[in-house]
Amino acid sequence: MPEVFHYPMTYPSWWMDSYFTVTWVLGMLFLAAGWAVFFRYGKFTYGVDLGCLWKTTLLIILTTIALGGPNYYNTRFVGEHGQDGDSVRIAGEELLYLDRRGNEKKLKIKDITAIYQEPITYNPPPKIFVVAGKARVKDSLFVTRNLQGFEAFLTALSGKTGVPVKRP
């Protein structure tokens with residue numbers, strides 16, 4: 001009987017498919033509003049004066065926020081929720097990973113050579129990599145602690161493969 005493990009779906013699928021576009025559009029609208037204020041209230045002379053310093057500083061700050069805000073949110077969001085709706089299944093002699101869009105990745109249990117946690121985590125939560133390297137083509141996939149039954153999955157996979165889970 002196959003063992004199936006799921007990531008919970010914490011956001012609607014329309015948000016999962018378009019969050020990056022929405023955040024970048026909002027960032028660019030913020031930048032456009034800053035430029036609108038700049039052009040509406042800016043005094044444009046060709047001389048160098050103190051007004052030039054504050055306007056330049058304002059535009060640098062607005063650009064940093066408009067580009068950095070969505071970048072920070074998108075990086076953090078994909079780290080925490082990028083696998084929402086996905087499932088992992090140990091079925092017979094295969095490990096199947098099915099994402100929420102229907103794409104499937106298969107690894108043969110006999111080809112798995114390593115199961116390890118990444119040594120340094122840049123985006124939470126930490127990733128546990130499953131590496132298959134005995135076959136002609138090397139491949140890997142990862143799971144995170146957000147997987148429901150995470151410890152049971154690692155125990156079952158380690159038991160089937162005979163490969164211990166390495167954690168730092």
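Select R167 to begin: with a relative accessible area of 38%, R167 counts as partly exposed, a class that lies between buried (under 20% relative accessible area) and exposed (over 50%), judged with a 1.4 Å probe and protein chains only. R167 sits in the segment after β8, where helices (H or I, at least four residues) and strands (E, at least two) are DSSP runs numbered from the N terminus. This is a predicted model, in which local features need pLDDT of at least 70 and side-chain atom pairs count only at pLDDT 80 or more, while totals for chains, interfaces and linings use all residues. Residues are numbered from 1 along each chain as its sequence is written, and side-chain values use heavy atoms, with hydrogens and water left out.

**From R167 to helix α3**

Keep R167 displayed and add E151, whose side chain meets that of R167 in a salt bridge (3.3 Å, N to O); the term stands for a side-chain nitrogen of Lys or Arg within 4 Å of a carboxyl oxygen of Asp or Glu. Because E151 lies in helix α3 and R167 in the segment after β8 (165-166), the pair ties together parts that are 16 residues apart in sequence. E151 is itself partly exposed, at 41% relative accessible area.

Next select T161, which also has its place in helix α3, and look for polar atoms around its side chain. A polar atom of the T161 side chain lies 2.9 Å from the backbone oxygen of L157, and the backbone nitrogen of V163 lies 3.1 Å from a polar atom of the T161 side chain.

**The salt bridges**

How many salt bridges does the count come to? The count comes to seven. Side chains of opposite charge can pair when their charged atoms come close.

Select R100 and D17 together, and the closest N and O atoms of this salt bridge will be found 3.7 Å apart. R100 lies in the loop between β3 (94-98) and β4 (104-108) whereas D17 lies in helix α1, so the pair ties together parts that are 83 residues apart in sequence. Both ends are partly exposed, R100 at 26% relative accessibility and D17 at 35%. Move on to E104 and K106, whose side chains meet in a salt bridge at 3.7 Å, N to O; E104 is partly exposed at 46% relative accessibility, and K106 is partly exposed at 47%. Then return to D17 and R100 and add R101, since salt bridges that share partners join D17, R100 and R101 into one network.

**The aromatic rings**

Turn now to the rings, where the count comes to eight aromatic pairs; rings of Phe, Tyr and Trp (its six-membered ring) pair if their centres lie within 6.5 Å, with planes under 30 degrees apart counted as stacked, over 60 as edge-to-face and the rest as tilted. Select F5 and F153, whose ring centres are 5.4 Å apart and whose planes stand at 70°, so this pair is edge-to-face. The pair links distant parts of the chain, with F5 in strand β1 (residues 3-6) and F153 in helix α3 (residues 150-161), 148 residues apart. F5 and F153 are both buried.

For a tilted pair, select Y19 and F77: their ring centres are 4.5 Å apart and their planes at 45°, so the pair falls in that class. Here too distant parts of the chain are linked, Y19 belonging to helix α1 and F77 to helix α2 (residues 50-81), 58 residues apart, and both residues are buried. Widening the selection to Y11, Y19, F20, Y73 and F77 displays one aromatic cluster.

Another ring to visit is F142, over whose face K127 lies, at 4.4 Å from the ring centre; a charge sits over a ring if NZ of Lys or CZ of Arg is within 6 Å of the ring centre and within 35 degrees of the ring normal.

**The nonpolar patch**

Go back to F20, which lies in helix α1 and, at 37% relative accessibility, counts as partly exposed. Switch to a surface view and select F20, W24, M28 and L67, which make a nonpolar surface patch of about 340 Å². Patches are made of residues with over 30% relative accessible area and no salt bridge, like charges being joined within 9 Å and nonpolar side chains (Val, Leu, Ile, Met, Phe, Trp, Tyr) within 5 Å. Which element gives the largest share of the nonpolar patch? Helix α1 (residues 13-41) does, with three residues.

Key:
Accessible areas come from the Shrake-Rupley method with a 1.4 Å probe; for residues, only the protein chains shown count as cover. A polar contact is a pair of N or O atoms within 3.5 Å; within protein, one must be able to donate a hydrogen and the other to accept it, and residues adjacent in sequence count only if both atoms are side-chain atoms.
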